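Here are my notes on the model, point by point. Have the coordinates open while you read.

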Amino acid sequence: MRDNGPVPETPSSPLAAAVDLARAAAEETAGDPGVVGEHLSAASEQAGDPVLGEVLTHSFASTLPGYVGWYWAVTLARAPGEETVTVDEVVLLPGDEALLAPAWVPWHERLRPGDLSVGDVLPSTEDDPRLVPSYTVEDDTADDPEARAVATELGLGRERVMSREGRSAALTRWTGGDFGPRSSMARHAPGPCGTCGFFLPLAGSLRGAAGACGNAYAPAEGHVVTVDYGCGAHSQATLVAQEATEVVNSARYDTSEFDVL
Ligand code: SF4
């Protein structure tokens, strides 16, 4: 709590004596008399100036839930030569022991997966490490329709594509998620996605590591699955399991290197 000095036992000015006025102002601002606690101090902000007058701040403990260590500061003023005391302002301030919010954190660092709602726009920053510059169709193919078609097929034409860091992080999330090899579904599956007819591999460098499940009866239908995930709806599950399932060792898919975008 801020040390505003001892409360004068014998108020020496109308401002120091106006504790009740200050308390009433604090209670009115708070909207609940019960959240304005004991009178803590009276600190002179400005002594009797012949031009500016006198200013003094009374402090009251705050008993607002969630505002431990805060206090109500009520500033009173008196014009030169006047006896009338007026209320300048009422504010709730943090004391030395107050619970405070953490330092400001940029919004894009505060966001968490799932925070994005319908209609929200989440622009990526220029230095987003998950993205790197790419070739655009306009770079080399502006006058060549065939080259443009090939470039489009390869996925070029975008200003930025996922960086190695971004792709690696995505694969790590997928591998550790519900549709990765460590899930209980995968551990009891008759075979891995990598040998399933419903497995639709991703394009690009992650082709050998992940894809989408296209089986309407599978829990992962429409989701990204890793090649070593699997479920009971495996396309070969009705056949002789021993023959149909080729155990896919994740080590066979070297995902540590991504050579293609
Ligand atoms: S049906 Fe099961 S095994 Fe086949 S791709 Fe989908 S999740 Fe993988």
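1. Which residue of S9 does Gly211 stand opposite? The partner is Val225. S8 and S9 pair in the antiparallel sense, over 3 bridges; for pairing, DSSP has to find at least two bridges between the strands. Strands here are DSSP runs (E, at least two residues), helices are runs of H or I with at least four residues, and both are numbered from the N terminus.

2. Before going further, a word on what you are looking at. This is a predicted model: local features need pLDDT of at least 70, side-chain atom pairs count only at pLDDT 80 or more, and totals for chains, interfaces and linings use all residues. Residue numbers start from 1 along each chain as its sequence is written.

3. How confident is the predictor? The mean pLDDT of the protein (the predictor's confidence in each residue, from 0 to 100) is 82, and 78% of the residues reach 70 or more. Over residues 1-10 the pLDDT is below 50, and this stretch has 20 contacts in the model beyond near neighbours in sequence. A contact means two C-beta atoms, placed from the backbone, within 7 Å. Residues 247-261 also stay under 50, with 22 contacts beyond four places in sequence.

4. Now the overall make-up. You should find 8 helices and 9 strands. Of the 261 residues, 20% are buried. The burial scale counts other C-beta atoms within 10 Å of a residue's own, with C-beta atoms placed from the backbone: 20 or more is buried, 12 or fewer is exposed, and anything in between is partly exposed. Among contacts between residues at least 6 apart in sequence, 57% join residues at least 24 apart.

5. Back to S8 (210-213), this time looking at its other pairing. Strand S7 (residues 199-201) joins S8 in the antiparallel sense over 3 bridges. Pro201 in that pair stands opposite Gly211, and Gly211 also stands opposite Val225 in S9.

6. The same part of the chain turns up again in the largest nonpolar core. A core is a set of buried Ala, Val, Leu, Ile, Met, Phe, Trp, Tyr and Cys residues joined through C-beta atoms within 7 Å. This one has 19 residues, and those touching the most other members are Cys193, Ala210, Cys213, Ala220, Val225 and Tyr229. The elements giving it two or more residues are S8 and strand S9 (224-226). A second, separate core of 17 residues includes Ala18, Leu40, Phe60 and Trp70.

7. Cys193 deserves a click of its own. Leaving aside neighbours within four places in sequence, its contacts are Phe199, Gly211, Cys213, Val225, Thr226, Val227, Tyr229 and Gly230. Cys193 is also among the closest residues to the ligand, along with Cys196, Cys213, Asn215 and Cys231.

8. What sort of residues surround the ligand? The shell has 15 residues, where near means a C-beta atom, placed from the backbone, within 6 Å. They divide into 11 nonpolar, 4 polar and no charged. In this scheme Ala, Val, Leu, Ile, Met, Phe, Trp, Tyr, Cys and Pro count as nonpolar, Asp, Glu, Lys and Arg as charged, and the others, Gly among them, as polar.

9. Next, strands S1 to S3. S1 (residues 36-49) runs antiparallel to S2, with 8 bridges joining them, and the two form a hairpin with 3 residues between them. Ala43 has Thr57 in S2 as its bridge partner. On the other pairing, S2 and S3 (residues 70-78) are antiparallel over 8 bridges, with Glu54 standing opposite Arg78. S2 (residues 53-62) is largely enclosed by the rest of the structure, because 7 of its 10 residues are buried.

10. Finally, three single residues to check. Asp20, in helix H2 (residues 19-30), counts as exposed because it has 10 C-beta neighbours inside 10 Å. Gly166 sits in helix H6 (residues 164-176) and is partly exposed, with 17 such neighbours; beyond four places in sequence, Gly166 contacts Arg130 and Leu131. Ala237 lies in the loop between S9 and helix H8 (241-244), and its C-alpha is 8.8 Å from that of Ala189, 48 residues away in sequence.
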